[in-house]
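Thanks for coming. I have one structure to go through today, so please look at it first.

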Number of protein chains: 2
Amino acid sequence: MMETYRDSHDRALTDYPRPSVAVDTAVLTVPPGAALSVLLVRTGDEWRLPGTFLHERERLADAVLRSLQTKAGVSGLSPRQLHVFDDPARDNRGWVLSVAHLDVVPWSRLTIDESLAKIVPVTDAGALPYGHNEILDQAVASIRSSYATTPDPAGLLEHPFTLRQLQQLHETIAGEPLMRDSFRRAMEPQLAATGELAAGTVGKPARLFARA
Amino acid sequence: MMETYRDSHDRALTDYPRPSVAVDTAVLTVPPGAALSVLLVRTGDEWRLPGTFLHERERLADAVLRSLQTKAGVSGLSPRQLHVFDDPARDNRGWVLSVAHLDVVPWSRLTIDESLAKIVPVTDAGALPYGHNEILDQAVASIRSSYATTPDPAGLLEHPFTLRQLQQLHETIAGEPLMRDSFRRAMEPQLAATGELAAGTVGKPARLFARA
DNA sequence: GACATTTAGCGCGGATCTGCGATAATTGCA
DNA sequence: TGCAATTATCGCAGATCCGCGCTAAATGTC
């Protein structure tokens with residue numbers, strides 16, 4: 001075991017006041033045929049974003065993944081930090097810092113425990129406690145900005161996919177229709193054609209792509 | 001005094017492990033005629049970004065301002081969060097989370113204590129400890145992005161200023177020359193002409209502006 | 001086999017953006 | 001009184017972007 005550090009007053013770091021540190025996560029996904037949606041968990045009679053307190057020497061991203069697993073039965077992917085909420089009056093249990101996160105997870109990974117959690121369109125989340133609406137707004141702004149110029153950066157689509165599937169996904173996330181030609185001109189240079197064609201549908205079969 | 005919260009195991013929040021929380025800040029400024037620069041403070045024989053541990057129930061921004069005052073004799077302005085560094089091995093004194101910040105401060109406010117601190121061009125900062133180079137990189141990227149479309153959002157220039165002064169400031173921050181006409185076309189609609197003219201220089205006097 | 005359906009992509013007019021040169025205005029300086 | 005210096009603005013040509021319509025290709029269905 002390593003020696004405990006002592007400062008010039010012979011005090012260890014743990015002799016000074018420290019906050020509890022929590023993580024709260026907006027898990028965003030796009031269910032088939034539905035709108036951009038967020039994962040909520042129930043505590044008592046209210047719905048909130050899943051979160052947990054940081055364990056000893058745990059990485060923030062690991063705490064996020066652990067909270068998703070235990071609070072909703074969900075296997076997260078790659079949480080990204082959004083913001084630290086530091087209002088000491090925000091949590092009436094005590095002095096708590098909360099690090100907000102975003103994790104974008106494909107619908108196919110989201111086999112949730114329905115007794116614990118639900119997935120609702122972001123527009124239907126309603127009033128959430130602890131300033132979680134602000135986290136949700138930041139999360140939505142973040143995913144929209146990342147999808148504006150890059151084809152499916154979070155990998156919501158299974159490989160391979162057609163241009164139309166990609167455009168419909170981007171329209172769902174943007175919350176508005178996109179111009180077909182502009183979309184193709186912007187995205188196609190960033191994709192790799194597999195050479196395969198989609199089958200089984202009426203009409204000319206679509207080319208299949210993968211992210212480059 | 002409020003009752004201490006107890007969870008279902010009859011434990012208070014402080015019975016669980018908590019990290020020490022620090023703030024580290026990249027203070028950026030533009031000295032007259034010089035390049036985009038950063039404030040460094042000396043600890044022992046090495047230079048680093050100023051930082052401090054969070055005091056009890058202190059806001060992060062307040063901790064930043066306090067650290068600038070005590071570590072460098074500088075009055076900061078409005079710190080913005082950049083990122084939380086959470087590697088438990090980052091600080092050999094113990095388990096420390098560090099919240100990186102950016103504060104953009106006009107040169108005229110920066111009467112620093114030269115025995116404690118110095119201001120150097122960001123390109124000359126050299127190797128900093130504790131991953132502070134990463135913070136500096138993020139800070140530079142952040143200020144560049146905010147100055148790309150908005151005239152002097154941090155208020156580095158005294159009111160009023162000429163278009164040329166504004167452009168020179170933006171060029172210093174961008175680290176590259178900007179087109180005169182494009183710059184004017186982008187910025188002038190966001191400015192308010194005072195109606196006054198600059199005086200004392202050779203040539204046609206320039207119009208003076210303020211941020212709208 | 002004719003037809004509807006869907007994908008793919010070309011072409012074009014219009015709008016916008018960009019860099020540059022030219023010019024006028026206004027000042028200090030020789 | 002000229003002259004250099006600087007600001008401010010216009011005009012233009014080229015580039016790029018954008019939306020739209022049209023056509024061709026390829027498939028399943030009737």
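How much area do domain 1 of chain A and domain 2 of chain A bury between them? About 570 Å², with 71% of it on carbon and sulfur atoms; buried area is the accessible area (1.4 Å probe) that two parts lose on being put together, summed over both. Before going on: this is a predicted model, where local features need pLDDT of at least 70, side-chain atom pairs count only at pLDDT 80 or more, and totals for chains, interfaces and linings use all residues. Residues are numbered from 1 along each chain as its sequence is written, chains are lettered from A and ligands numbered from 1 in the order written, and side-chain values use heavy atoms, leaving out hydrogens and water.

Back to the domains. The bounds are 13-147 for domain 1 and 163-211 for domain 2 of chain A, from an automatic or database domain assignment. Their centres, taken over C-alpha atoms, are 31 Å apart. Of the area that domain 1 of chain A buries against domain 2, V30(A), R144(A) and Y147(A) supply 77%. The rule finds 0 salt bridges across that interface (a side-chain nitrogen of Lys or Arg within 4 Å of a carboxyl oxygen of Asp or Glu).

Now the DNA. There are 19 residues around strand D, and D181(A), R185(A), R164(B), K204(B) and R207(B) come nearest; near means a heavy atom within 4 Å. A polar backbone atom of R207(B) is 2.3 Å from a phosphate oxygen of strand D. For K204(B), a backbone N or O atom lies 3.0 Å from a base oxygen of strand D.

Technical notes
Polar contact = N/O pair within 3.5 Å; in protein donor to acceptor, adjacent residues only side chain to side chain.
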